[in-house]
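Colleague: Could you take me through the terms used for this model, setting each value against its cut-off?

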Amino acid sequence: MADHQHDHQHECHEHHGPITPEFWLKYWDSKEGRELNHQEVHECLLKYEDLALKGREKLKIFVPLCGKTYDIKWLADKGHEVVGIELSPVAVQQFFELNNIEFSVSKVPSIQGDLYTSKLGNIRIYCGDFFLFSKNLESNFQVVWDAGALHSFPKSEREKYIDVVKSLMAPGCQYLLEEDVPSCSDRFEIADLEKAFGPNFTVVDLGFTKTDVAMLKEWEIEGFRIFHIY
């Protein structure tokens, strides 16, 4: 759907009405979506890298609704195995083209889509229906970097989203969850997250991080609120 740390927030703030999968498909295929290219790592991923990665090497990391975010390449370049899922084939293809990464494409009928795999195999992006994604395709993720994915769903679908992600998490998985401020969707409340994740998880509100990205300030985004779930 969105290039989670930048594009979705711009469109979310500019768009009036429900944000639907069809909206994202249309956006990524638009002139604005194709031209938007922010090749920088998310500020909060840099800030909380140690909290999520804990100095570990060769982790398996999940980036849901990844768009064409540069975060995937940055994590892969650090030696990790990175798996994304995205609805728009335009966004996925642009990710590989922007970063000059050779890739192959194979059909994945179970998500009604395709799998894009880097030549080295350390980056895999599934292109299809998020709610059809399951541990039969990928599992045992040690880190989840959710920069706007959960936030892009309406409140009525968030528990369903969380159930999918929980099924993919390895024991001890570190989950970083971001929402933009001001929020253009229903804000996350600790109680709602604790209820959705259940008693086996701890949810910590890490507070507000002010953005230093001029482009985001132009879109009237002040910064991000981050949660750590483990």
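Modeller: What follows takes up the fold, then the aromatic rings, then the cores and two residues of a strand.

Modeller: This is a predicted model, in which local features need pLDDT of at least 70 and side-chain atom pairs count only at pLDDT 80 or more, while totals for chains, interfaces and linings use all residues. Residues are numbered from 1 along each chain as its sequence is written, and side-chain values use heavy atoms, with hydrogens and water left out.

Colleague: Why is the chain called as compact as a globular protein of its length?

Modeller: The radius of gyration, taken over C-alpha atoms, is compared with a globule rule of 2.2 Å times the number of residues to the power 0.38. The rule gives 17 Å for 230 residues and the chain has 16 Å, which is close, so the chain is as compact as a globular protein of that length. The chain has ten helices and nine strands, these being DSSP runs numbered from the N terminus (helices H or I, at least four residues; strands E, at least two).

Colleague: Why is the pair of F103 and Y116 called tilted?

Modeller: Rings of Phe, Tyr and Trp (its six-membered ring) pair if their centres lie within 6.5 Å, and planes under 30 degrees apart count as stacked, over 60 as edge-to-face and the rest as tilted. The centres of F103 and Y116 are 5.7 Å apart and their planes stand at 35 degrees, so this pair is tilted. F103 belongs to strand β3 and Y116 to strand β4, 13 residues apart.

Colleague: What makes Y116 buried?

Modeller: Buried means under 20% relative accessible area, exposed over 50%, and partly exposed in between (1.4 Å probe, protein chains only). Y116 has 3% and therefore counts as buried, whereas F103, at 34%, is partly exposed.

Colleague: How do you know that the pair of F188 and F227 is edge-to-face?

Modeller: The ring centres of F188 and F227 lie 6.1 Å apart with planes at 80 degrees, so the pair is edge-to-face. F188 is in the loop between β7 and α9, and F227 is in strand β9, 39 residues away along the chain. Both F188 and F227 are buried.

Colleague: What makes the charged end of K60 sit over the ring of F141?

Modeller: A charge sits over a ring if NZ of Lys or CZ of Arg is within 6 Å of the ring centre and within 35 degrees of the ring normal. The charged end of K60 sits over the ring of F141 at 5.0 Å from its centre. K60 lies in strand β1 and, at 13% relative accessible area, is buried. F141 is also part of one aromatic cluster with F62, Y126 and F133.

Colleague: Which residues touch the most other members of the largest nonpolar core?

Modeller: A nonpolar core is a set of buried Ala, Val, Leu, Ile, Met, Phe, Trp, Tyr and Cys residues joined through side-chain atoms within 4.5 Å. Of the 41 residues in the largest one, V63, I72, F96, I123 and I125 touch the most other members. Apart from it lies another core, of 31 residues, including I85 and F133.

Colleague: Why is P64 called buried?

Modeller: P64, in strand β1, has 0% relative accessibility and therefore counts as buried. Beyond its neighbours within four places in sequence, P64 is in contact (heavy atoms within 4.5 Å) with residues including I85, F130 and W145.
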